[in-house]
Amino acid sequence: MIGRILAVSLLCVAVLAGSAAAAPWTFSSGTRAGTADFNVVGNDLVITLTNTSLFNTAEPSQLLSAVFFDVAGSPSLIPVSGLLTPGSVVVFGTTPADSVIGGEWAYSDSAGTLAPGGANYGVSATGLDIFGPFDRFPGPNLSGPENVGGMDYALLSAGNQPLVGNAPVTGGNPLILNSVTLTLDGLPAGFDPAADISNVWFQYGTDLDEEPSYLGTLIPEPLTMTATILGLGGLAGYMRKRTRRAA
């Protein structure tokens with residue numbers, strides 16, 4: 001009987017966990033911290049990239065500029081849209097009324113030879129010798145050449161002080177405070193971002209050789225954790241009743 005209760009509890013955990021359609025990744029190191037939320041909406045992969053550091057962005061090497069990752073099955077994805085995440089704004093530039101910043105971000109599915117960790121997929125506000133003008137998301141060119149070179153529209157930290165730091169991050173370039181949402185189309189049916197997204201790297205600055213990158217960690221989803229607690233809680237309750245009856 002105990003084995004049956006355990007099996008049912010674990011089945012509930014598996015069913016509830018399997019229904020998840022989001023995978024948040026995070027890292028924190030010194031003055032740098034970020035999150036990348038991978039969500040599935042229909043056949044779309046929606047990536048929300050946020051510079052969560054509470055420290056000031058004092059120099060370009062503290063700008064979160066890209067995230068790289070691997071996708072199980074290597075599907076061919078198409079960049080659909082790039083938007084300011086609600087609550088984020090462009091500083092030292094004009095915040096688009098429609099929030100479209102796609103023309104300043106790019107996507108690649110062949111970044112592996114250069115990207116940190118050999119990750120094949122990536123989205124970026126800067127070239128990094130990987131992304132070019134034909135890799136951009138749909139949207140108007142908001143600043144400079146029609147490309148993703150330089151640091152324009154990279155992500156300032158949540159704790160940024162706009163007038164504190166060197167010239168490139170205190171008015172020399174339009175920058176985003178502090179999050180973007182980028183959508184890619186073409187996921188296969190049944191795609192689970194918690195299982196099918198891996199090797200997530202957060203990239204800073206504009207140079208892969210000179211600027212830091214950080215390997216992210218997948219955060220267990222609350223739904224999964226709740227399911228586990230409920231399942232094991234049910235087993236524990238059964239065991240307490242059984243113990244009392246035996247006494």
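What pLDDT does the protein average, and what share of the residues score at least 70?

**Figure 1. The whole chain, seen through its confidence values.** Let's start with the overall picture of this predicted model. The average pLDDT of the protein is 86, and 81% of the residues reach at least 70. Please take care with residues 1–20, where the pLDDT is below 50; this stretch still has 20 contacts in the model beyond near neighbours in sequence. Residues 223–246 also stay under 50, and here the model has 19 contacts beyond four places in sequence.

**Figure 2. The fold at a glance.** Welcome to the general layout: the protein has 14 strands and 3 helices. Of its 247 residues, 47% are buried. Take the contacts between residues at least 6 apart in sequence, and 69% of them turn out to join residues at least 24 apart. The accessible surface comes to about 11,400 Å², with carbon and sulfur atoms contributing 59% of that area.

**Figure 3. Strand 8 and its two covered faces.** Now we move in on strand 8, which spans residues 121–124. In a regular strand, side chains alternate between the two faces of the sheet. Which residues of strand 8 lie on each side, and are they buried or exposed? Tyr-121 and Val-123 are on one side, Gly-122 and Ser-124 are on the other, and all four are buried. Both faces of strand 8 are thus covered.

**Figure 4. The strand partners of strand 8.** Staying with strand 8, we can look at how it pairs. Strand 4, residues 64–71, runs antiparallel to strand 8 and is joined to it by 4 bridges. To find your way along this pairing, look for Ala-66, which stands opposite Ser-124 of strand 8. Strand 7, residues 106–108, is also antiparallel to strand 8, with 3 bridges between them. A handy landmark here is Ser-108, whose bridge partner in strand 8 is Gly-122. Gly-122 and Ser-124, the residues named in these two pairings, are both buried.

**Figure 5. A salt bridge in the loop after strand 8.** How many salt bridges does a search of the whole structure find? The search finds 1, and this view shows the pair: Arg-136 and Glu-146, whose closest N and O atoms are 3.6 Å apart. Both residues sit in the loop between strand 8 and strand 9 (155–156), 10 residues apart. Side chains of opposite charge can pair when their charged atoms come close. Glu-146 counts as exposed because its relative accessibility is 53%, and the cut-off for exposed is over 50%.

Methods:
Residues are numbered from 1 along each chain as its sequence is written. This is a predicted model: local features need pLDDT of at least 70, side-chain atom pairs count only at pLDDT 80 or more; totals for chains, interfaces and linings use all residues. Side-chain values use heavy atoms; hydrogens and water are left out. Buried means under 20% relative accessible area, exposed over 50%, partly exposed in between (1.4 Å probe, protein chains only). Contact means heavy atoms within 4.5 Å. Accessible areas come from the Shrake-Rupley method with a 1.4 Å probe; for residues, only the protein chains shown count as cover. pLDDT is the predictor's confidence in each residue, from 0 to 100. A salt bridge is a side-chain nitrogen of Lys or Arg within 4 Å of a carboxyl oxygen of Asp or Glu. Two strands pair if DSSP finds at least two bridges between them.
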